[in-house]
Amino acid sequence: MKSLEALKNINYKDVIVRALWTFVQTFIATFLLAGVNIVNLLFSASWHELWALALATTLSAIAAGLSAAKTIIVELVKEMRDSVS
């Protein structure tokens with residue numbers, strides 16, 4: 001029951017904001033590494049450039065999901081630790 005109460009006390013708005021920032025940061029980092037391919041996608045749509053865009057988006061989504069999961073777990077542990085004290 002303590003874990004359910006702790007889940008209710010998590011600031012989910014903060015979790016979403018952190019995940020979105022992680023998504024943007026990862027997308028920009030991947031764009032910097034594969035930027036030429038993504039820019040080429042505007043002029044000549046080929047599978048290689050489309051793959052670079054899909055990779056940037058996928059990596060960003062995975063990083064955002066991991067960030068959200070980590071934030072929820074950290075907040076859950078903190079709430080449970082505070083309730084025991």
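1. Contact here means heavy atoms within 4.5 Å. With that in hand, take the contacts in the chain between residues at least 6 apart in sequence: 74% of them join residues at least 24 apart.

2. A word on what you are looking at. This is a predicted model, where local features need pLDDT of at least 70, side-chain atom pairs count only at pLDDT 80 or more, and totals for chains, interfaces and linings use all residues. Residues are numbered from 1 along each chain as its sequence is written, and side-chain values use heavy atoms, with hydrogens and water left out.

3. How sure is the predictor? The score is pLDDT, its confidence in each residue, from 0 to 100. The chain has a mean of 81, and 89% of its residues reach 70 or more. Among the elements, helix H1 (residues 2–8) has the lowest mean pLDDT, 74, and H3 has the highest, 84.

4. The layout is easy to follow: three helices and zero strands, running α-α-α from the N terminus on. Both kinds of element are DSSP runs numbered from the N terminus (helices: H or I, at least four residues; strands: E, at least two).

5. H3 is worth a check along its length. Its expected span is 1.5 Å times one less than its number of residues. For the 38 residues of H3 that comes to 56 Å, and the end C-alpha atoms are 55 Å apart, which agrees.

6. On to burial, where buried means under 20% relative accessible area, exposed over 50%, and partly exposed in between (1.4 Å probe, protein chains only). Buried residues make up 25% of the 85 residues in the chain. In H3 the buried ones include Glu49, Ala52, Ala56 and Ser67. As for the surface, the chain exposes about 6,300 Å², and carbon and sulfur atoms supply 72% of that. These areas come from the Shrake-Rupley method with a 1.4 Å probe; for residues, only the protein chains shown count as cover.

7. Which residues make up the largest nonpolar core? There are seven: Ala6, Ile10, Val15, Ala19, Ala64, Ala68 and Leu76. Helix H2 (12–43) and helix H3 (47–84) each supply at least two of them, and the largest share, three residues, comes from H3. Such a core is a set of buried Ala, Val, Leu, Ile, Met, Phe, Trp, Tyr and Cys residues joined through side-chain atoms within 4.5 Å. One core member, Ala64, touches Ala19, Thr22 and Phe23, not counting residues up to four places away in sequence.

8. Now two H3 residues with hydroxyl names, Ser60 and Thr71. Ser60 is buried, at a relative accessible area of 0%; leaving aside neighbours within four places in sequence, Ser60 is in contact with Phe23, Thr26 and Phe27. Thr71 is buried as well, at 5%, and touches Val15 and Arg18, again not counting residues up to four places away.

9. What about aromatic pairs? Rings of Phe, Tyr and Trp (its six-membered ring) pair if their centres lie within 6.5 Å; planes under 30 degrees apart count as stacked, over 60 as edge-to-face and the rest as tilted. The count comes to one pair. Phe23 and Phe27 form that pair, stacked, at 6.4 Å centre to centre and 15° between the planes. They are four residues apart in helix H2, so about one helical turn separates them. An α-helix has 3.6 residues a turn, so residues three or four places apart point the same way. Phe23 is partly exposed at 28% relative accessibility, and Phe27 is partly exposed at 25%.

Terms used
pLDDT is the predictor's confidence in each residue, from 0 to 100.
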